[in-house]
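The exercises below are meant to be worked through with the sequence and the structure at hand. Try each task before reading the solution that follows it.

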Amino acid sequence: MPDRDFAGVHSTIEKSQTPVQGPQQVVLAIYAAVAADNFEALQAHFTADAELHIYGFPASEGSWIGREQVLRAVQSNFAMITDQRLEITAIVQQDQVLAVRVHETGQLKADLRRYESNGVIWFTFEGLQVKRVEEFFHSVLRG
């Protein structure tokens, strides 16, 4: 069983009412790299002073500043999860900000508890690179 199934991500973005370009293409590339465990590919998509802030998902809550810290946190956080399923339920873009509403399920590797999360991920861009990611989740752990 694969660790991540992001198959629904592409179809949801492609069904949105705006053409897939710019920031949406970058987000697609980020999800594709994560799904393929190709974390090195993420380097090109983040600014040197990128920030990541995660709220409401206890296993990975925190803040990281600087591309290297952000990318280490991304890789570390995804390494804690298996059987992950991600569905984008809405996407809104205005200028350099892309907001993605997600529903996610999976299992924490450390204690085998299942989880279900609903949240919003805000991507703020500088050109075609991510400057800031803010993730707000409501998560339920089971088991």
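A cavity is a set of grid points where a 1.4 Å probe fits but cannot get out, and its volume is the space filled by probe spheres set on those points. The model examined here is a predicted one.

**Exercise 1.** Determine how many cavities of 30 Å³ or more the protein has, and describe the lining of the largest cavity.

*Solution.* Begin with the count, which comes to 1 cavity of 30 Å³ or more. Next take the volume, which for the largest cavity is about 400 Å³. Then turn to the lining, where 24 residues are found, with I54, V74, F78, I121 and E135 lying nearest the centre of the cavity. Sorting the lining by residue type gives 18 nonpolar, 4 polar and 2 charged residues. Finally, assign the lining to elements: α2 (23-35), β2 (46-55), α3 (67-79), β4 (81-94), β6 (114-126) and β7 (129-142) each supply at least two residues, and α3 gives the most, with 4 residues.

**Exercise 2.** Work out which residues of the largest nonpolar core touch the most other members, and which elements supply this core.

*Solution.* In soluble globular proteins, nonpolar side chains tend to be buried together. In this model the largest nonpolar core holds 35 residues, and those that touch the most other members are Y31, L42, F46, L52, V102, F123 and V130. At least two residues of this core come from each of α2, β2, α3, β4, β5 (97-108), β6 and β7, and the largest share, 6 residues, comes from α2. As a last step, follow L52 outwards: leaving aside residues up to four places away in sequence, L52 touches G62, S63, W64, V70, A73, V74, V133 and E135.

**Exercise 3.** Decide whether A32 is buried, partly exposed or exposed, and place A32 in the chain.

*Solution.* First locate A32, which is found in helix α2. Its relative accessible area is 34%, and since buried means under 20% and exposed means over 50%, A32 is therefore partly exposed. To place A32 in space, compare it with D5, which is 27 residues apart from A32 along the chain, the two C-alpha atoms being separated by 9.9 Å.

**Exercise 4.** Summarise the protein as a whole by its elements, burial and contacts.

*Solution.* The protein has 3 helices and 7 strands, which run β-α-α-β-β-α-β-β-β-β from the N terminus on. Of the 143 residues, 43% are buried. Among contacts with a separation of 6 or more, 50% join residues 24 or more positions apart. The exposed area is about 7400 Å², of which carbon and sulfur atoms supply 53%.

Key. Residues are numbered from 1 along each chain as its sequence is written. This is a predicted model: local features need pLDDT of at least 70, side-chain atom pairs count only at pLDDT 80 or more; totals for chains, interfaces and linings use all residues. Side-chain values use heavy atoms; hydrogens and water are left out. Buried means under 20% relative accessible area, exposed over 50%, partly exposed in between (1.4 Å probe, protein chains only). Contact means heavy atoms within 4.5 Å. Accessible areas come from the Shrake-Rupley method with a 1.4 Å probe; for residues, only the protein chains shown count as cover. On a 1 Å grid over the protein atoms alone, a cavity is a set of points where a 1.4 Å probe fits but cannot get out, and a pocket is an open set with protein on both sides within 12 Å along at least five of seven lines; lining residues have an atom within 4 Å of a point. Ala, Val, Leu, Ile, Met, Phe, Trp, Tyr, Cys and Pro count as nonpolar, Asp, Glu, Lys and Arg as charged, and the others, Gly among them, as polar. A nonpolar core is a set of buried Ala, Val, Leu, Ile, Met, Phe, Trp, Tyr and Cys residues joined through side-chain atoms within 4.5 Å.
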